[in-house]
Amino acid sequence: MPSRMLLSRRHFRQFHIFTHNFVSLEQEEEEQACNCNSTMANRPKLTRIPSMRDRVEDTLSAHRNEIVALLSRYVAQGKGILQPHDLLDELEKLITDDEARLALSEGPFGEVLKSAQEAIIHPPFVALAVRPRPGVWEFVRVNVNELSVEQLSVSEYLGFKEELVDGRSNDRYVLELDFEPFNANFPRPTRSSSIGNGVQFLNRHLSSIMFRNKESLEPLVDFLRAHTYKGHALMLNDRIQSISKLQSALVKAEDKLSKLPTETPYSEFEYVFQGLGFERGWGDTAEHVLEMMHLLLDTLQAPDPSTLETFLGRVPMVFNVVILSPHGYFGQANVLGLPDTGGQVVYILDQVRALENEMIRRIKRQGLNFTPRILIVTRLIPDAKGTTCNQRLERVTGTEHSHILRVPFRSENGILRKWISRFDVWPYLETFAEDVAGEITAELQGHPDFIIGNYSDGNLVASLLAYKMGVTQCTIAHALEKTKYPDSDIYWKKYDEKYHFSCQFTADLIAMNNADFIITSTYQEIAGTKNTVGQYESHSSFTLPGLYRVVHGINVFDPKFNIVSPGADMSIYFPYFDKEKRLTSLHGSIEKLLYDPEQNDEHIGLLNDPSKPILFSMARLDHVKNLTGLVESYAKNAKLRELVNLVLVAGYNDVKKSNDREEIVEIEKLHDLIKEYNLNGQFRWLSSQTNRARNGELYRYVADNGGAFVQPALYEAFGLTVVEAMTCGLPTFATIHGGPAEIIEDGISGFHIDPYHSELMGALLADFFQRSKDDPSHWKRISDGGLKRIYERYTWNIYSERLMTLTGVYGFWKYVSKLERLETRRYLEMFYILQFRDLVKTVPRAVDDPH
């Protein structure tokens, strides 16, 4: 990547062309449509869309008695927070007349209630947070006694909400965080459907500016000239100083290339091209160089989004990548199922294998002979519990140039030896980041070109490193805890001793605002659905009473958001009917796992009828994964119990083996359910299985016998096990809350289930198995639909190609927008020093057990 450099006055002026004198394309289209419509006499004049306050006031006039009665029912419940279902349930209870209920629920106030995400009740007031569409919010407050309605600002609404905790405060100087002023001049889309397509929007913006103002092309020349790697100039040399010289040189180069055989190696015309102003990086053959130069010529002459994206994506920028994932046991064997160790580890290892392959392919095509390096940086744990987590450097299997680099947590008392929960890592991360900076610089013999953070702790460390080293940063949340624990912001003090959410939410805000771009696996992670709030969207505004108030935290319309879905490792997970690749030698150990009558630490429970299909689930054993909810749903459905056996792979089956707080609670629940519903004979509980090859064959073994996979989480950010099961051809049922709802097309490539409606979930499962028993083609139709969906959308090849392209586009955007982003980062630096550091001091440091 280009090293840091100050922007000259010319750069500054060109940057303002890019960012200030711009109307977003979507706004421009809307304005043109409005102008066109207004000139047509036979069309009605455009009118202002009524605000939420207007709608509530209008409904009060039209349905005064009903609205007063409804609001009074809310107020009667006393001070507190009502959720969307509470609001609508009261409406159903209040109005028994179907016609009157329909008139009210389908009218303006009904629309307000359906869009409300919460209501704050503080008699005699009812304040509503209304979300008419993803990413757009309004706030209104009704005084039930006086029947007055007022529109509230974000700050006013949050202040009112804080009264639930602290009562009315006279302190007018509350710390408020507002990132909006720093982003006001940055282009962003306005339609909810554009959320998560940031790079497409950015390319439209950049190409539009280039098309309308040729002077704005100059930063592209400077960007290409800035590229060097370990002393080697790339792309352009000092002979090309302007757009006109670049265009002239490209025409001459095009003429020379057209006379060469397509397979002519770059080395044969390298000297001539240096004289024209070109260095290595354009391609390995005459054909590929010409293709790259045509892309640039097209961009200079008539810029369009697709051509610009392709060109920037092929510019050689990334040779060394650092991926941060500090918490848990990060290893390649014997770690899955250990505390805080699950899908994220699998995701990163698969990501790295695919990314290295893509980097090697690109570097070769670019005509370079550099060796790429990828470092997964995690914590070194001296008490490694039989894993390799106490080894400093470990090569990633299936790769040539990728390693796990482990750096210990340390304090003034020395190196921490034992594992600690992901909720307790905060006091160690700043020192960890400093140590990591030295370690990766030594390993790479310089700075990385690209840093990827994972989860809250990894993203914070990535932010500290990217800021210090001046390189492009990508954030991957995996799961933002704020949405997992309802009201964990307003009542943060209740959670803080156990989870330290004040630190985590602060770290998340810093990381998501510092990142150059953010990738998610699904749209729902960013902006939810029509009726549910997205993980990132929940950080747009919230309050931690007594600490600070977030007025504008993150804007989900920011073009930094991109949806890039991962896949499953297809060397491990492949269809059950691919007989040549099947690992039949493992069937003996799989059958022992499932049917051995011995009860031990690895398996408990019996399956009396092995001929029945298996309903299968595999996940960490914690509250959100909801495996106890699945067991209860199965236990209560006599038909389902008659049709199938239930098999879980999860955690430990003995509380004495676990050190994880949530897991211990879930273990006890599972044992209670087994006894209460007498499940022995129909239920098998396998402790976590760390052999991925056998896990892949287990999916296929279940498929052989007409089984199915179920993922019943209360919320799942993505759902890697869903992709694994579908890749193996196993019909899959998965939660409608989160990413799986996007992975699965309901009734076509699998089925959606709502874990909050346990009886319906059990009935849907029973219906599928009954239909499959009566008509085996039904099972195959869903299996084939799942495989089709995977091949179209969820492979690591698609993922790695997309990630490298994003890095190119955002690397360019980072270069041209450096001045403005610097202001944001200085603001974040102040917030980190003045707020986060003090919060970290409240988290107790761990003490190693005496040996």
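**Exercise 1.** In this predicted model, classify lysine 364 as buried or exposed, then find what its salt bridge connects.

Solution.
- Step 1. The relative accessible area of lysine 364 is 57%. The cut-off for exposed is over 50%, so lysine 364 is exposed.
- Step 2. The salt-bridge partner of lysine 364 is aspartate 284, with 3.8 Å between the closest N and O atoms. The limit for a salt bridge is 4 Å.
- Step 3. Lysine 364 belongs to helix H16 (residues 343–365), while aspartate 284 sits in the loop between helix H13 (270–276) and helix H14 (286–301). The pair therefore ties together parts that are 80 residues apart in sequence.
- Step 4. Aspartate 284 has a relative accessible area of 18%. Buried means under 20%, so aspartate 284 is buried.

**Exercise 2.** Determine how glutamate 632 and lysine 636 are placed in their helix, and how accessible each one is.

Solution.
- Step 1. Glutamate 632 and lysine 636 form a salt bridge whose closest N and O atoms are 3.2 Å apart.
- Step 2. Both residues are in helix H24 (residues 627–636). They are 4 residues apart, so about one helical turn separates them.
- Step 3. Glutamate 632, at 30% relative accessible area, is partly exposed. Lysine 636 reaches 53% and counts as exposed.

**Exercise 3.** Carry out the analysis for the salt bridge between glutamate 792 and lysine 788, and name the residues of the network made by salt bridges that share partners.

Solution.
- Step 1. The closest N and O atoms of glutamate 792 and lysine 788 lie 2.7 Å apart.
- Step 2. Helix H31 (residues 776–793) holds both residues. Their spacing of 4 residues corresponds to about one helical turn.
- Step 3. Lysine 788 is exposed at 52% relative accessible area, whereas glutamate 792 is partly exposed at 44%.
- Step 4. Elsewhere, shared partners join the salt bridges of Asp340, Arg422, Glu481 and Lys484 into one network.
- Step 5. The count of salt bridges comes to 49.

**Exercise 4.** Locate the cis peptide bond that involves proline 124.

Solution.
- Step 1. The bond runs from proline 123 to proline 124, and its omega is near 5°. This peptide bond is cis.
- Step 2. Proline 124 is found in the loop between strand E2 (116–122) and strand E3 (125–133).

**Exercise 5.** Glutamine 445 has a positive phi, and so does tyrosine 455. Where does each residue lie, and is each buried or exposed?

Solution.
- Step 1. Phi is about 60° for glutamine 445, which is not a glycine. For tyrosine 455, also a residue other than glycine, phi is near 60°.
- Step 2. Glutamine 445 lies in the loop between helix H17 (429–444) and strand E15 (450–454). Tyrosine 455 is in helix H18 (residues 455–469).
- Step 3. Glutamine 445 is exposed, with 68% relative accessibility. Tyrosine 455 is buried, with a relative accessible area of 3%.

**Exercise 6.** Summarise the confidence of the model along the protein chain, and state which stretch has a pLDDT below 50.

Solution.
- Step 1. The average pLDDT of the protein chain is 89, and 93% of the residues score at least 70.
- Step 2. The pLDDT is below 50 over residues 1–47.
- Step 3. In the model, this stretch makes 74 contacts beyond near neighbours in sequence.

Note on methods
Residues numbered from 1 in each chain as written. Predicted model: local features only at pLDDT ≥ 70, side-chain atom pairs only at ≥ 80, totals over all residues. Heavy atoms only, no water. pLDDT = per-residue confidence, 0-100. Contact = heavy atoms within 4.5 Å. Salt bridge = Lys/Arg side-chain N within 4 Å of Asp/Glu carboxyl O. Helix = DSSP H or I, 4+ residues; strand = E, 2+ residues; numbered from the N terminus. Buried < 20%, exposed > 50% of the residue type's maximum accessible area, 1.4 Å probe, protein only.
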